Amino acid sequence: MDADALRQRELTIAREKLIVALDVPTPRDARALVSDLEDTVVFYKIGLELAYSGGLAFAEELIKDGKQVFLDLKLHDIPATVSRACTQVANSGASFLTVHAYPQTMRAAKIATAGSSLRVLGVTVLTSCDDLDLAEAGYAYGVRDLVARRAAQACEAGIDGLVLSAGEASSIRASIGHKLILVTPGIRPKGSAAADQKRLATPAAAIKAGADYLVVGRPITRAENPREAVASIGAEIAAALSPHQAS
Ligand code: C5P
């Protein structure tokens, strides 16, 4: 393969690893952003803000247009309710769904989605939290230990993947291998504002830590030129994936 073809292949793989968080108020705003980004993005995340303003119907629209959809609904309830909610989502055509990584919740989600193409991801510890936030919430564990504990419980429950920060991804990858899909939010290209996120990494660092997918919201959605932001993040992912890249 010549250098140009190789570069093109790396950019395609990079594009498949980027999930853009559509954290905007309405489907109309989301539609405008998706139309601006055109074919530069293939995977979108719909979170709580958009889900509560018609985002689930918009998800169907995206799926019909050939996009992949991650419903970041962060479910957590009694098993029967989680199970019934997961059954509904399993029929939606979405690719990923999040539940909080509590053993009961993960087990209920696993049973309800068995045999469907929906992948269930357990949210370990929000990337906006650090050790102090966990202590404040009453946890005896710090971030590192709680993520490791929840990763082991996710494996036992048999769900498909985890949401965690890039800071924990390499040790989790080393302990569980490729059993689970690792998805990392808290991504900030150099120079972008942290806002409410505390466990941050650049796109390159997340790839090198072993992330399968990177979730990026504000560095793209609030950029002056979202297409340029996607291109620059894509190039950074591609460079980090390149076998020729010095580590
Ligand atoms: O704008 P920003 O890049 O910080 O957006 C990150 C997205 O990932 C948000 O939609 C947020 O809800 C989501 N998320 C997160 N941390 C988690 C799970 C999901 O930031 N642990």
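**Exercise 1. The site of the ligand**

Task: In this predicted model, determine which pocket the ligand takes up and which elements give two or more residues to the shell around the ligand.

Solution: The ligand takes up the space of the largest pocket. Strand 3 (68-75), strand 8 (213-216) and helix 10 (218-221) are the elements that give two or more residues to the shell around the ligand. In total, 18 residues surround the ligand. The closest of these are D23, K45, T127, Q197 and R218. By class, the shell divides into nine nonpolar, three polar and six charged residues.

**Exercise 2. Polar contacts and burial**

Task: Establish how far polar side-chain atoms of K45, Q197 and R218 lie from oxygen atoms of the ligand, and what share of the ligand's area the protein buries.

Solution: The cut-off for a polar contact is 3.5 Å between N or O atoms. For K45, a side-chain N or O atom is 2.7 Å from an oxygen atom of the ligand. For Q197, the distance is 2.8 Å. For R218, it is 2.7 Å. Taken alone, the ligand exposes 470 Å², of which the protein buries 88%.

**Exercise 3. An aromatic pair**

Task: Classify the arrangement of the rings of F43 and F96, and state which strands they belong to.

Solution: The structure holds four aromatic pairs. In the pair of F43 and F96, the ring centres are 5.1 Å apart and the planes stand at 45 degrees, so the pair is tilted. F43 lies in strand 2 (residues 43-46) and F96 in strand 4 (residues 96-100); the pair therefore ties together parts that are 53 residues apart in sequence.

Methods: Residues numbered from 1 in each chain as written. Predicted model: local features only at pLDDT ≥ 70, side-chain atom pairs only at ≥ 80, totals over all residues. Heavy atoms only, no water. Near = heavy atom within 4 Å. Polar contact = N/O pair within 3.5 Å; in protein donor to acceptor, adjacent residues only side chain to side chain. Areas by Shrake-Rupley, 256 points an atom, 1.4 Å probe, with all protein chains shown as cover. 1 Å grid on protein atoms, 1.4 Å probe; cavity = no way out; pocket = protein on both sides within 12 Å on 5 of 7 lines; lining within 4 Å. Sits in = over half its atoms within 2 Å of the grid points. Helix = DSSP H or I, 4+ residues; strand = E, 2+ residues; numbered from the N terminus. Nonpolar A, V, L, I, M, F, W, Y, C, P; charged D, E, K, R; others polar. Phe/Tyr/Trp six-rings, centres within 6.5 Å; stacked < 30°, edge-to-face > 60°.
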